[in-house]
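Please take a look at the model shown here, and keep it in view while reading the paragraphs below.

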Amino acid sequence: MTLEAKYGVPTVAVHTDKFDKVVRSVAEVSGMPDLAQVFVPQPIMGKTPAQLRAYVDGTDPISGRHVMQEVIDGLTRPRDGGRGAGEYDRSTPRLVEPDSEENLHRLFLERNWTDTLPIVLPTEERVGAMLGGTRRKPDEIVGRMRSTHFREYWQYTVEKVAVNAVMAGARPEYFPVILALAATGVTARGSSSSAVAAMAVVNGPIRREIGMNAGTGAMGPYNHANATIGRAYGLLSQNGQGGSVPGLSYMGNQGNNYAYNSVTFAENEERSPWEPFHVQHGLALSDSAVSVFSGVRSTAFTLGLREKHWREHVGHLLRGMDPHGPPALLLDPIAARQFVDRGGFTKKDALIDWLHDAARMRAGEYWDYQLIQNYIYPRATFGEEPWASKLEAAADEEIPMFRREDIHVIVVGGETNGYWRIMGCNYQTTESVDAWR
Amino acid sequence: MSNMTVLDPTGYPPKISAKQLAPRLDTLNGRTVYLVDCRFDDSGLFLEQMRAWLAEHLPGVTTVLKPISSVYLVDDPKTWEEIRARGHAAILGVGH
């Protein structure tokens, strides 16, 4: 689209067929509905040259026309050139047309406004009560989100966030946390075909004030605040950004069960041997904050740290992660203290240093990962560090899998045992909750 | 059963600004077409096959296979400028 509109170069975009609705929708909202788009079968990845040549020689699975004829026509035949100059408003209404409770529940489902589980209908009275949980004005813009980098941003107000918080079953006292999540601008409904979820970690006094769980079952369906704050984060994401519909605005190939409540929990600060996560990121112990991670997909787990081979065991867990999904260790307090006892990591930074060094693999294997080829190799060849230097390593030289700054440690759990896990995910930001009270 | 009034949960989309497409070419013969590799999931290998097809069927077309400078998430004005300066048309692929 940039080449067409900004540089004046006639262009044809070739996509795989699974993305036809997505790319047509993006072209439409970008003001170029007549953009020339041609489709070939999915997948491209892993196909032989002969198989790829067959795609070129074959037909577009969407239009049924010969692929190359469509390409040639796309570059040479006049196209309408959009809807003409000007802007087109797409404003959304404040209220839904009044209807019966049963019909409204059906409508919310049909419009893909829910996570398909029953919701609380956002009446004016309920939304008004939710707005009582903050001093912010209902019409104040909280932030903006989009499901993926090539889609347009949508904005949302305090009232819109309140509507979604009501739908999730949250209580007004949770609302500052939900607003802080909305203010991050980090979507919990990313559209990536890798089927991502988000993770939200709450720190500070707000945890106790609203009864969040940092102990036994903290990441499970056993605490009203944890459950509904996380659900509200998901609903406000999908509605605030303008949708999360499979095949149109959500392309996660398998989906992700973590997305039901975005792995939302409180850190067990009281039982942690280290400083809390939000303090690591510049806030005071007395501050309340929420930190968000995106790209939550992979998980590894084990029990405790054995005296003889704990280093090797942890190294194997780390090497089991995809190198494009850096590790966030979620440690039960028992496991956290074992890291202190076994490794002498009295500071979290020392543990992260060690993890960075332990997570190594041969350069040849590293560069051959598909996601490294897709997202890191191009940046390395572009000269970006530390990846550019990694390119100089011999194929059998062991290199770090992750950047140190992408490795994180959080303490959560109720000490029923020393199980712990690694989430492959990307830390995004930490937002003050107090600012949204 | 009485009707209820509820609020719409969706955010506010930006206005759509209509944009004009570039003028199309009268012919590809004698023109330079850039095949732009977005460097995702072996797209370069696919574009090599497309380039071979063009060489066989439209020998009057000059093709340039050009990988973007970094990842597809990053705008690449240097490459776009090159295509505008040296090319007449572009084929981008492969979107996924």
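What follows is a walk through selected parts of this predicted model, from a helix to a sheet and then to some backbone details.

A good place to begin is helix α16 of chain A, which covers residues 370–381. Its twelve residues, at 1.5 Å a residue, should span 16 Å, and because the end C-alpha atoms are indeed 16 Å apart, the expectation and the model agree. The buried residues of this helix are N374(A), I376(A), Y377(A) and P378(A), and what covers them includes α15 (363–368) and α17 (387–390) of chain A. Just after α16(A), the backbone at G383(A) takes a positive phi of about 100°.

Chain A also holds an open sheet of four strands, in the order β9-β14-β10-β13, with mixed pairing. At its edges lie β9 (299–303) and β13 (408–411), each of which pairs on one side only, and neighbouring strands are turned by 20° against each other on average, direction ignored. Strand β10 (residues 327–331) runs parallel to β13(A) and is joined to that strand by four bridges; A328(A), for instance, has H408(A) as its bridge partner.

Some backbone details deserve attention as well. In the loop between β2 (36–40) and α3 (49–57) of chain A lies P43(A), and the peptide bond leading to P43(A) from Q42(A) is cis, with omega near 5°. In chain B, the bond from G93(B) to V94(B) is likewise cis, with omega near 0°, and V94(B) lies within strand β4 (residues 89–95). N112(A), which is not a glycine, has a positive phi near 60° and is partly exposed, with 17 other C-beta atoms within 10 Å.

Conventions: Residues numbered from 1 in each chain as written. Chains lettered and ligands numbered in written order. Predicted model: local features only at pLDDT ≥ 70, side-chain atom pairs only at ≥ 80, totals over all residues. Helix = DSSP H or I, 4+ residues; strand = E, 2+ residues; numbered from the N terminus. Expected span 1.5 Å × (residues − 1). Buried ≥ 20, exposed ≤ 12 C-beta atoms within 10 Å, placed from the backbone. Contact = placed C-beta atoms within 7 Å. Pairing = 2+ DSSP bridges. Axes fitted to C-alpha atoms, helices over the stretch in contact; angles between N-to-C directions.
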